Amino acid sequence: MTTVLVTGVGSVLGSLVAGILASQPQMRVVGVGRVAPEYIPADVEVRVCDMSGETLLKMMRAARVDVVVHLDIAGEEEALPYEITGRGNVYRAIEVLGACHAAGAPRVVMRSSLLVYGARPDAPAFIPESAPLSSGAPAGLLQDYIEIERLVGDFKARHPDMRIVMIRCAPVAGNGVRSPVVQFLSRRPAPVLAGFDPRIQVLHIHDAAVALALATLNDQVDGAFNIAAHPPLILSQAILLAGGQPLPLPAFAFQSASFLEPIRSLIGALPFPVEYLNYACVGDIRRAACELHWTPQHRPDETLREIATVTA
């Protein structure tokens with residue numbers, strides 16, 4: 001019997017992953033979160049707690065957890081300003097990793113973002129997992145992911161005996177969930193940079209859940225995996241498919257200046273640095289296909305049309 005602890009079970013993704021794992025033979029699934037899921041999957045033991053490191057450690061020791069799936073990421077399934085989330089995502093990752101080490105849990109699977117590579121003109125057409133991460137981003141969800149990735153790297157160097165899998169997901173949609181990037185795609189207007197139309201990737205939430213479950217069930221894998229639907233889309237095409245309307249603007253419109261406030265109030269805040277409107281950040285998903293035996297079941301155009309239908 002393998003015991004899995006899934007954090008963030010109150011989220012749609014956490015509930016889906018817990019349900020998939022609980023359907024497997026010889027698998028005990030304990031789902032923990034600050035709120036209970038709207039729908040509790042069959043055979044999942046749900047526990048609502050404060051998600052502190054001390055509480056998680058007690059649960060892990062009591063349940064004799066073999067693997068932890070960390071999905072408690074604020075701001076992915078709901079739009080939350082940084083003033084609310086602060087550095088909570090980073091602090092929770094620190095506490096989860098510390099509790100795993102103290103409890104002797106040998107494996108951790110964590111959600112990350114495919115956008116951690118950054119958008120730059122010299123990036124390969126399909127970025128492999130070995131590529132360097134972005135040097136940083138403005139405070140927010142993407143910066144949290146970059147910091148968590150660096151934190152995991154440092155932790156792994158100190159504890160090489162632990163297996164830590166990072167599932168780098170493209171922006172997620174489906175099942176009523178729209179990541180901040182997908183919310184941007186459905187804007188009317190959605191500001192884009194005049195003269196540029198980079199490629200973009202998205203991911204259906206069910207495909208994300210399957211990838212996370214496969215990584216959890218495979219005790220031989222380690223390191224990072226890019227997860228995205230195929231093929232990539234052109235940004236303007238993705239916006240139209242999601243029900244948005246592209247608004248080409250000159251580069252100066254995205255600069256910080258008081259006289260630009262009327263324009264900035266029209267276009268709103270971007271969920272990523274403006275460089276992502278210049279250049280592509282497209283991940284190579286071959287490692288996931290080879291080692292996790294994962295294949296996306298939803299085409300990106302289908303996923304975005306689902307968003308357009310819901311928001312129409």
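**Figure 1. Glu 54 and Lys 58 share helix α2.** Both residues belong to helix α2 (residues 53–63), where they are four residues apart, about one turn of the helix. In this predicted model, the two side chains form a salt bridge whose closest N and O atoms are 3.7 Å apart. Is Glu 54 buried or exposed? With a relative accessibility of 55%, Glu 54 counts as exposed. Lys 58 is exposed too, with a relative accessible area of 55%.

**Figure 2. Glu 147 and Arg 87 form a salt bridge.** Here the closest N and O atoms are 2.8 Å apart. Take a look at where the partners sit: Glu 147 is in helix α5 (residues 141–158), while Arg 87 is in the loop between α3 (82–85) and α4 (88–103). The pair links distant parts of the chain, 60 residues apart. Arg 87 counts as partly exposed, at 33% relative accessibility.

**Figure 3. Asp 122 pairs with Arg 120, and three further residues build a network.** How many salt bridges does the structure hold? There are 14 salt bridges, and one of them joins Asp 122 to Arg 120, with the closest N and O atoms 3.1 Å apart. Asp 122 is exposed, at 60% relative accessibility, whereas Arg 120 is partly exposed, with a relative accessible area of 25%. Elsewhere, a network of salt bridges links Arg 28, Glu 45 and Arg 47.

**Figure 4. Phe 184 meets Phe 272 edge-to-face.** The structure has three aromatic pairs. In this one, the ring centres of Phe 184 and Phe 272 are 5.4 Å apart and the planes stand at 75°, so the arrangement is edge-to-face; the cut-off for that label is an angle over 60 degrees. Phe 184 lies in helix α6 (residues 180–185) and Phe 272 in the loop between α9 (261–267) and α10 (275–278), so the contact ties together parts that are 88 residues apart in sequence. Both Phe 184 and Phe 272 are buried. Together with Tyr 276, Phe 184 and Phe 272 form one aromatic cluster.

**Figure 5. Phe 196 and Tyr 279 also form an aromatic pair.** Why is this pair called edge-to-face? The planes of the two rings are at 80°, so the pair is edge-to-face, with the centres 6.3 Å apart. Phe 196 is found in the loop between β9 (190–193) and β10 (199–200), and Tyr 279 in the loop between α10 and α11 (286–292), so parts that are 83 residues apart in sequence are tied together. Phe 196 is partly exposed, at 36% relative accessibility. Tyr 279 counts as partly exposed as well, with a relative accessible area of 28%.

**Figure 6. Two arginines place their charged ends over phenylalanine rings.** The charged end of Arg 199 is over the ring of Phe 126, at 5.3 Å from the ring centre. For Arg 287, the ring underneath belongs to Phe 225, and the charged end is 4.0 Å from its centre.

**Figure 7. Helix α7 has the span expected from its residue count.** How far apart are the end C-alpha atoms of α7? They are 18 Å apart, which agrees with the 18 Å that the 13 residues of this helix (residues 205–217) should span at 1.5 Å a residue. Among the buried residues of α7 are Ile 205, Asp 207, Leu 212 and Thr 216. The alanines Ala 208, Ala 209, Ala 211, Ala 213 and Ala 215 are buried in α7 too.

Notes. Residues are numbered from 1 along each chain as its sequence is written. This is a predicted model: local features need pLDDT of at least 70, side-chain atom pairs count only at pLDDT 80 or more; totals for chains, interfaces and linings use all residues. Side-chain values use heavy atoms; hydrogens and water are left out. Rings of Phe, Tyr and Trp (its six-membered ring) pair if their centres lie within 6.5 Å; planes under 30 degrees apart count as stacked, over 60 as edge-to-face and the rest as tilted. Helices (H or I, at least four residues) and strands (E, at least two) are DSSP runs, numbered from the N terminus. Buried means under 20% relative accessible area, exposed over 50%, partly exposed in between (1.4 Å probe, protein chains only). A charge sits over a ring if NZ of Lys or CZ of Arg is within 6 Å of the ring centre and within 35 degrees of the ring normal. A salt bridge is a side-chain nitrogen of Lys or Arg within 4 Å of a carboxyl oxygen of Asp or Glu. The expected span of a helix is 1.5 Å times one less than its number of residues.
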